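Please walk through this chain with the sequence and the coordinates side by side. The paragraphs below move from loop residues to helix packing and then to the aromatic side chains.

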Amino acid sequence: MSIAVTGATGNLGRLVVESLIERGTAASDIVAVVRNPQKAESLAARGVVVRQADYADASALETALAGVDKLVLISGSEVGSRLAQHTNIIEAAKAAGVGFIAYTSILDAQDTPMKLAAEHKATEDVLTRSGITFALLRNGWYWENFTNDLAGVIDRGALVGAGADGKIAAAARADYADAAAVVATTDGHEGAVYELGGDERLTYAEFAEKISEFAGKPVVYQFVDEQAYEGILESVGLPAPVAQILADSDAAIAKGALDTESGDLQKLIGRSSTPVAEVLKQA
């Protein structure tokens, strides 16, 4: 059985490939769909089939997906272009005869107030209309979203955000990768909708405490409103539209948009999510 992974050199995609191999899938049965094959040289060296295709190139995508049985569709990172890109992939998969797609969506995609979910919701709708059998992997936040600037947070002694006292059911990126690999390699997931989140449902203040314990020095949560947070994101170099989307997402934490008690992640991977303390050590 051939399993393709789009965005296979990205942070999540590469972990999905790793998890597939760890779970017994032969490297030669994995197709890594990538924009830049040079970034996939280490995968090719292990026997993974590397095929080049940009999410915007429908023809190349169809060629890349030829002979593929199942596809893990890693959502694109270009906000505003993702629906068109995802549609290209889904249509190419259908033309190539792919029988199953696992799509990495976002928590409660159809009903969440988060602006970031709009393209996910629309992609889910495209999948529903496609006629291809699929499963939705509605991923919550990655703890790694908060650890990119861990050294800076520790140095400043403050974790800044607009989430107020809302809970974040985040998990490690590798946990979500494992869930995708399970869905791609086992049966019974047709039409399934998985709301995926971690065991440690922390508020910003509680997460700051975890960072304090890790750092051995005080780190406190500093609440700012959505507009102020948007300005902070812009000040560190993010484009205004991206800053706006991310600030909206952060403010949505206060509304419970990134919290779930479903237990779906734990059921799929057969274990608890990676502890926050471990994620901090790996940052």
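**Loops, helices and rings**

In this predicted model, D108 lies in the loop between β5, which spans residues 100-106, and α5. Its phi is near 50°, a positive value in a residue other than glycine. Most residues other than glycine have a negative phi. D108 counts as partly exposed because its relative accessibility is 33%, which falls between the 20% limit for buried and the 50% limit for exposed.

A second residue to inspect in the backbone is A164, whose phi is likewise a positive value near 50° in a residue other than glycine. A164 belongs to the loop that runs between β7 (158-161) and α8 (173-185), and with a relative accessible area of 29% it is partly exposed.

The loop that holds D108 ends at α5, and helix α5 (residues 118-130) packs with α4 at an angle of about 20°, the two axes being 9 Å apart. Because angles under 35 degrees count as roughly parallel, α4 is roughly parallel to α5. On the α4 side the contact is made by R82, L83, H86, T87, I90 and K94, and on the α5 side by E119, H120, A122, T123, V126, L127 and S130. The crossing in which α4 passes α5 is right-handed.

Within this packing, H86 deserves a separate look. Is H86 buried or exposed? With a relative accessible area of 0%, H86 is buried, and its place is in helix α4, which covers residues 82-96. Leaving aside neighbours within four places in sequence, H86 is in contact with S75, G76, Y103 and T123; T123 is also among the α5 residues that make the contact with α4.

A further helix pair is formed by α10 (residues 226-235) and α11 (residues 240-252), whose axes come within 8 Å and cross at roughly 140°. That angle makes α10 oblique to α11, because it does not exceed the 145 degrees above which a pair counts as roughly antiparallel. From α10, the residues E226, Y229, E230, L233 and E234 meet A240, A243, Q244, L246, A247, D248, D250 and A251 in α11, and α10 passes α11 in a right-handed crossing.

Between α10 and α11 there is a loop in which P239 is found, and P239 is partly exposed, with a relative accessible area of 45%. To relate this loop to the helix pair described earlier, one may take V126 as a reference: P239 and V126 are 113 residues apart in sequence and, C-alpha to C-alpha, 28 Å apart in space.

Another loop residue, S273, lies between α12 (264-269) and α13 (276-282). S273 counts as buried because its relative accessibility is 7%, under the 20% limit. Apart from its neighbours within four places in sequence, S273 is in contact with A171, D175, G198, D199, E200, L265 and Q266.

The aromatic side chains complete the tour. The structure holds six aromatic pairs, and W143, F146, Y204, F207 and Y221 form one aromatic cluster. Elsewhere in the chain, charged side chains lie over rings: R35 lies over the face of Y55, at 5.5 Å from the ring centre, and K70 lies over the face of F100, at 5.5 Å from the ring centre.

Methods
Residues are numbered from 1 along each chain as its sequence is written. This is a predicted model: local features need pLDDT of at least 70, side-chain atom pairs count only at pLDDT 80 or more; totals for chains, interfaces and linings use all residues. Side-chain values use heavy atoms; hydrogens and water are left out. Rings of Phe, Tyr and Trp (its six-membered ring) pair if their centres lie within 6.5 Å; planes under 30 degrees apart count as stacked, over 60 as edge-to-face and the rest as tilted. A charge sits over a ring if NZ of Lys or CZ of Arg is within 6 Å of the ring centre and within 35 degrees of the ring normal. Helices (H or I, at least four residues) and strands (E, at least two) are DSSP runs, numbered from the N terminus. Buried means under 20% relative accessible area, exposed over 50%, partly exposed in between (1.4 Å probe, protein chains only). Contact means heavy atoms within 4.5 Å. Axes are lines fitted to C-alpha atoms, for helices over the stretch in contact, and angles run from 0 to 180 degrees between N-to-C directions. Angles under 35 degrees count as roughly parallel, over 145 as roughly antiparallel, 65 to 115 as roughly perpendicular and the rest as oblique. A crossing is left-handed if the near helix is turned anticlockwise from the far one by less than a right angle, and right-handed if clockwise.
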